[in-house]
Amino acid sequence: MSAKTANGPTEDQVEILEYNFNKVHKRPDPTTLCLIAAEAGLSEEETQKWFNERLAEWRRSEGLPSECRSVTD
């Protein structure tokens with residue numbers, strides 16, 4: 001069953017997203033994001049949200065703040 005659940009992407013979609021997060025780029029540019037969204041069968045907004053949340057999770061696991069601020073902040 002590959003239907004999206006109310007809680008988010010399916011296991012297959014998460015597998016595609018995780019692969020791209022780990023192998024391609026943690027912050028994909030708009031063109032890459034569009035391609036990943038199409039591959040996963042998600043909207044660009046859903047894909048961007050997933051990447052933002054996953055990046056924050058990754059940063060916390062690395063002992064970094066969940067959001068990166070500019071050096072001028």
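## Helix 1 and the nonpolar core

On one side of helix 1, Glu 11, Glu 15 and Lys 23 are exposed; this side lies opposite the buried one. The model is a predicted one.

Helix 1 covers residues 11-23, which is 13 residues. From first C-alpha to last, helix 1 reaches 18 Å, close to the 18 Å expected at 1.5 Å a residue. Its buried residues are Gln 13, Leu 17, Asn 20 and Phe 21. These four sit on the same side of helix 1 because they cover an arc of only 100° around the axis. Helix 2 and helix 3 are among what covers them.

The three helices have these residue ranges:

| Helix | Residues |
|---|---|
| Helix 1 | 11-23 |
| Helix 2 | 30-40 |
| Helix 3 | 44-61 |

Glu 15 is part of helix 1. With a relative accessible area of 58%, Glu 15 counts as exposed, since the cut-off for exposed is over 50%. In sequence Glu 15 and Ala 40 are 25 residues apart, while their C-alpha atoms are 8.8 Å apart in space.

Ala 40 also belongs to the largest nonpolar core, which has nine residues in all. The others in this core are Leu 17, Phe 21, Leu 33, Ile 36, Leu 42, Trp 50, Phe 51 and Leu 55. Helix 1, helix 2 and helix 3 are the elements that give two or more residues to this core.

Within the core, Phe 51 can be described by its contacts. Leaving aside neighbours within four places in sequence, Phe 51 is in contact with Leu 17, Asn 20, Phe 21, His 25, Lys 26, Pro 28, Leu 33 and Ile 36.

Conventions. Residues are numbered from 1 along each chain as its sequence is written. This is a predicted model: local features need pLDDT of at least 70, side-chain atom pairs count only at pLDDT 80 or more; totals for chains, interfaces and linings use all residues. Side-chain values use heavy atoms; hydrogens and water are left out. The expected span of a helix is 1.5 Å times one less than its number of residues. Buried means under 20% relative accessible area, exposed over 50%, partly exposed in between (1.4 Å probe, protein chains only). The arc is that of the directions from the helix axis to the C-beta atoms. Contact means heavy atoms within 4.5 Å. A nonpolar core is a set of buried Ala, Val, Leu, Ile, Met, Phe, Trp, Tyr and Cys residues joined through side-chain atoms within 4.5 Å.
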